[in-house]
Amino acid sequence: MKVSHLALAATATASAAAQVTFQNSSNTFLRVDNGTYGPAIEEVHYYYDQWPIGLAVASDGRIFTCYTRGSDAYTLGVVVNKTAEEPFPSSGPIRNLGPTELNQTIAGIQFGVNSTNLISVQALYITPATRNRPETLWVLDTGRPTVHMNGQPSMPYAVPGGPKVLAMNITGGNDTFYKSYTFPSTVYYPDSYFNDIRLDLRANVSGTSGEGIAYLVDSSNEGRPGFIMLDLGTGESWRRLTQDPSVLRVQQDLPSYQAMPRYFNELGMPIGYQQEGLDGIQLTPNGERVYYSPLTSNYLYSIPSVNLRARDSDPLAELAAHSNISHHGQRGGNANGFEGDSNGLIYQLMPTHNAIYYYNPADLQTHGWLEDPRIIWPDSASIGADGYFYMNINQLPYQADWNFNVDTRIKPGAILRAKLPNNGTKISTLG
């Protein structure tokens with residue numbers, strides 16, 4: 001009986017996704033929502049091979065992409081033309097591991113691997129060249145690929161050495177990794193999951209060794225989300241705000257995508273809800289405040305970055321961090337990733353509205369900036385030196401792992417872009 005119910009639900013989901021309804025409203029005098037506003041959108045790239053997660057746009061125009069693993073052939077790539085990407089880097093001591101090299105079984109339990117190579121990259125970020133550092137592609141490897149057994153997704157536990165942050169010099173096509181950072185199991189737990197990264201590379205940032213700091217999101221579905229900080233000079237790392245209410249998932253949150261309520265339908269499990277907590281993160285142009293929110297929340301929060309930089313040697317560090325969280329109210333829906341521009345606007349990717357919103361710290365309000373029917377789950381964004389806002393579109397709610405192992409995504413995925421308002425551009429004040 002259980003199997004037949006699941007099969008029926010899966011069939012219904014696939015059937016609903018396959019239906020396309022169009023109603024001609026040209027003959028009505030009533031006001032009509034056409035699902036579009038904001039600046040013109042350009043279609044930059046089409047994904048016909050692997051479904052993307054992250055992207056980053058370099059000053060030379062190159063677009064780097066990443067893909068969380070299961071069976072994908074590679075996890076880090078670069079766009080080579082309008083319809084194709086290829087594994088990146090193509091050579092060197094650090095490579096994309098093959099699909100059969102990603103996990104191991106210890107005492108019957110699945111674990112990731114301890115490897116200097118690329119396991120499962122979740123996010124990318126590019127920092128402009130500074131006086132002491134080249135233009136750098138930062139690569140965030142979770143160390144936790146997704147494996148499938150009888151159609152059911154499973155994520156092996158992380159082992160130290162697998163989860164890592166890598167820095168690559170991309171100036172002039174140099175494309176050489178020059179630094180790798182790993183994390184102890186007391187900071188990156190076996191059930192942690194890196195989701196995003198922001199960096200402040202200034203030498204005078206308090207509480208650091210003078211070579212900059214990375215702010216990292218642990219969005220663990222298993223229940224211990226929070227922030228991880230990394231001193232780029234010493235390699236030391238520490239946590240803050242673990243399991244604070246502002247970083248936790250919202251229980252029984254039911255979003256709607258393309259006007260359809262979406263439960264979390266994993267094969268072999270009861271119908272439930274998305275479990276992801278802390279997700280979006282953005283640092284202000286002066287580096288003084290970090291904005292953030294869980295995926296399954298309609299609220300926006302921020303905290304002074306100095307509270308995240310405080311070390312555990314300060315007995316009041318955690319209490320001060322909890323006490324200094326700012327609550328900016330509701331924003332009108334769930335938000336996935338964040339980005340920020342030189343004008344201080346905090347862009348929020350809104351999959352529940354096929355839209356991009358921004359929060360303006362100057363007027364303390366969230367504003368709609370861009371809506372388009374093509375924005376079916378914006379999963380990552382990158383602001384280029386050209387003043388454009390680039391976003392990955394990957395139709396994530398239609399993937400098999402969320403729909404009883406029935407994949408109803410329709411290729412291609414895409415990279416879209418739109419010109420930023422008010423001559424905004426990439427933040428260049430943090431180096």
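Here is a short question-and-answer tour of a predicted model of a protein chain.

User: To get my bearings, how many helices and strands does the protein chain have?
Analyst: Since this is a predicted model, what you see is computed. Counting up the secondary structure of the protein chain gives 30 strands. Alongside those strands come three helices.

User: What radius of gyration does the protein chain have, and what would a compact globule have?
Analyst: The C-alpha trace spans about 65 × 55 × 45 Å along its principal axes. For 431 residues, a compact globule would come out near 22 Å. The protein chain agrees with that, with a radius of gyration of 21 Å.

User: What share of the residues is buried?
Analyst: A residue counts as buried when its relative accessible area is under 20%. The accessible surface of the whole protein chain is about 18300 Å², and carbon and sulfur atoms hold 52% of that. Of the 431 residues, the buried share is 55%.

User: Among contacts between residues at least 6 apart in sequence, what percentage joins residues at least 24 apart?
Analyst: Contact here means heavy atoms within 4.5 Å. Take the contacts in the protein chain that join residues at least 6 apart, then pick out those reaching at least 24 apart. That share is 57%.

User: In the open sheet of four strands, which strands stand at the edges?
Analyst: The order in this sheet is β8-β9-β12-β13, and the pairing is antiparallel. An edge strand has a single partner, so one of its sides is left without a neighbour in the sheet. Going by that, the edges are β8 (121–127) and β13 (176–182).

User: By how much are neighbouring strands of that sheet turned against each other?
Analyst: Ignore direction and take the average over neighbouring strands of this sheet. The result is 20°.

User: Which residue in β13 stands opposite L166?
Analyst: Strand β12 covers residues 164–169 and runs antiparallel to β13, with six bridges joining the two. Across from L166 in β13 you'll find S180.

User: Which residue in the turn between β26 and β27 has a positive phi?
Analyst: Strand β26 (residues 355–360) and strand β27 (residues 365–371) run antiparallel and are joined by six bridges. One of the pairings puts I356 with L370 in β27. The two strands form a hairpin with four residues between them, and the turn residue with a positive phi, about 65°, is L364.

User: Which residue forms a salt bridge with K164, and is that partner buried or exposed?
Analyst: There are 18 salt bridges in the structure. In the one made by K164, the closest N and O atoms are 3.1 Å apart, and the other side is D141. This pair links distant parts of the chain, with K164 in strand β12 and D141 in strand β9 (residues 136–141), 23 residues apart. K164 is buried at 1% relative accessible area, and the partner, D141 at 0%, is likewise buried.

User: How many residues apart in sequence are D231 and R311?
Analyst: Their side chains meet in a salt bridge, 3.1 Å from N to O. D231 lies in strand β16, while R311 lies in the loop between α2 (305–309) and α3 (317–323), so the bridge ties together parts separated by 80 residues.

User: How does R224 count, buried or partly exposed?
Analyst: R224 meets D191 in a salt bridge, 3.0 Å from N to O. D191 is buried, with a relative accessible area of 12%. Buried means under 20%, and R224 has 30%, so R224 counts as partly exposed.

Key
Residues are numbered from 1 along each chain as its sequence is written. This is a predicted model: local features need pLDDT of at least 70, side-chain atom pairs count only at pLDDT 80 or more; totals for chains, interfaces and linings use all residues. Side-chain values use heavy atoms; hydrogens and water are left out. Two strands pair if DSSP finds at least two bridges between them. Axes are lines fitted to C-alpha atoms, for helices over the stretch in contact, and angles run from 0 to 180 degrees between N-to-C directions. The radius of gyration is taken over C-alpha atoms; the globule rule is 2.2 Å times the number of residues to the power 0.38. Buried means under 20% relative accessible area, exposed over 50%, partly exposed in between (1.4 Å probe, protein chains only). Accessible areas come from the Shrake-Rupley method with a 1.4 Å probe; for residues, only the protein chains shown count as cover. A salt bridge is a side-chain nitrogen of Lys or Arg within 4 Å of a carboxyl oxygen of Asp or Glu.
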